[in-house]
Amino acid sequence: MNALISSFILVFASEMGDKSQFMAMAFATFIKARTVLISILVAALLNMGIAVLFGSFITEYIPIKYVKLLAAISFLIFGLITLKNGHEGHEKIRKSKYGPVFTIISTYFISEFGDKTQLSTLALTATYKNPVFVLLGATAGIFIADVIGIVLGVYLGKKLPTKLLHYISAFIFIIFGFITLYEAKTL
């Protein structure tokens with residue numbers, strides 16, 4: 001039980017104010033909250049599952065620098081699409097041939113790969129040697145923190161003008177694109 005509670009608390013605390021929480025909020029300003037919730041849950045389960053199951057094995061074959069670079073590029077692309085096309089950019093994401101669910105899952109998954117929450121989950125698994133409880137606690141922690149971002153995104157979507165939301169959304173993606181590029185550069 002300690003593994004479950006510790007995993008939840010550590011991952012929840014480290015996710016508050018993290019880029020994926022802001023990304024969930026940004027997606028929730030123009031995609032249905034239910035779609036964002038389901039996508040985030042699937043991505044979080046995949047991400048935490050990889051941390052629990054494979055740990056550092058994966059990073060021996062795929063350098064984290066390249067994963068972060070891919071995440072940075074996707075953030076920048078979403079930000080630039082939003083700036084350039086405003087509402088039309090959001091429509092492109094919603095109506096892309098891959099759909100919003102795949103777009104959110106892939107963006108979220110790539111952005112969280114090798115992030116502090118995934119590395120914390122890896123360390124918790126090694127510490128407690130209870131992968132099931134660590135997976136449940138970590139996934140619940142990251143999901144609940146992101147639910148807070150989604151609720152805030154839905155609220156902002158109802159209260160702020162659409163054009164302002166496009167700028168805020170673009171700004172969030174671009175800022176985290178540059179932060180992630182910087183992180184990739186320092187590896």
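**Helix packing and buried residues**

In the predicted model described here, S39 has its place in helix α3, which spans residues 33–53 (helices are DSSP runs of H or I with at least four residues, strands are E runs with at least two, and both are numbered from the N terminus). Residues are numbered from 1 along each chain as its sequence is written. Because the model is predicted, local features need pLDDT of at least 70 and side-chain atom pairs count only at pLDDT 80 or more, while totals for chains, interfaces and linings use all residues; side-chain values use heavy atoms, with hydrogens and water left out.

The protein contains ten helices and zero strands, and from the N terminus on its elements follow the order α-α-α-α-α-α-α-α-α-α. Of its 187 residues, 48% count as buried (buried means under 20% relative accessible area, exposed over 50%, and partly exposed in between, with a 1.4 Å probe and protein chains only). The accessible surface of the protein amounts to about 9,500 Å², and 73% of that surface belongs to carbon and sulfur atoms (areas come from the Shrake-Rupley method with a 1.4 Å probe, and for residues only the protein chains shown count as cover). Among the contacts in the protein with a separation of 6 or more, 89% are between residues 24 or more positions apart (contact means heavy atoms within 4.5 Å).

Helix α3 packs against helix α7 (residues 99–112), the two axes coming within 8 Å and crossing at roughly 35° (axes are lines fitted to C-alpha atoms, for helices over the stretch in contact, and angles run from 0 to 180 degrees between N-to-C directions). The crossing of α3 and α7 is right-handed (the near helix is turned clockwise from the far one by less than a right angle, whereas an anticlockwise turn would be left-handed). On the α3 side, the residues of this contact are T35, V36, S39, I40, V42, A43, A44, L46, N47 and I50, and they meet P100, V101, I104, I105, Y108, F109 and E112 of α7. By class, the contact of α3 with α7 comprises 13 nonpolar, three polar and one charged residues (Ala, Val, Leu, Ile, Met, Phe, Trp, Tyr, Cys and Pro count as nonpolar, Asp, Glu, Lys and Arg as charged, and the others, Gly among them, as polar). S39 itself counts as buried because its relative accessibility is 0%, and, with its neighbours within four places in sequence left aside, S39 is in contact with V101, I104 and I105.

Helix α3 also packs against α9, with axes that come within 9 Å and cross at roughly 150°. The two helices are therefore roughly antiparallel (angles over 145 degrees count as roughly antiparallel, under 35 as roughly parallel, 65 to 115 as roughly perpendicular, and the rest as oblique), and the crossing of α3 and α9 is right-handed. Here A33, V36, L37, I40, L41, A44, L45, M48, G49 and V52 of α3 meet P131, V134, L135, A138, T139, I142, F143, D146, V147, I150 and V154 of α9, a set of residues that divides into 18 nonpolar, two polar and one charged. T139, which lies in helix α9, counts as buried because its relative accessibility is 8%. Apart from residues up to four places away in sequence, T139 touches L41, A44, L45 and M48.

Helix α9 (residues 131–159) packs in addition with helix α8 (residues 116–128), at an angle of about 155° and with the axes 9 Å apart, so that α8 is roughly antiparallel to α9. The crossing of α8 and α9 is right-handed. This contact is made by T117, T121, L124, T125 and Y128 of α8 together with P131, V134, A138 and I142 of α9, and by class it has six nonpolar, three polar and no charged residues.

A further buried position of helix α9 is A145, which counts as buried because its relative accessibility is 0%. With residues up to four places away in sequence not counted, A145 touches F12, E15, M16 and Q21. E15, in turn, lies in helix α1 (residues 2–15) and is buried, with a relative accessible area of 0%. Under the corresponding exclusion of residues up to four places away in sequence, E15 touches S20, Q21, Y108, E112, T117, I142, A145 and D146. E15 and D146 are 131 residues apart in sequence, while their C-alpha atoms are 7.7 Å apart in space.
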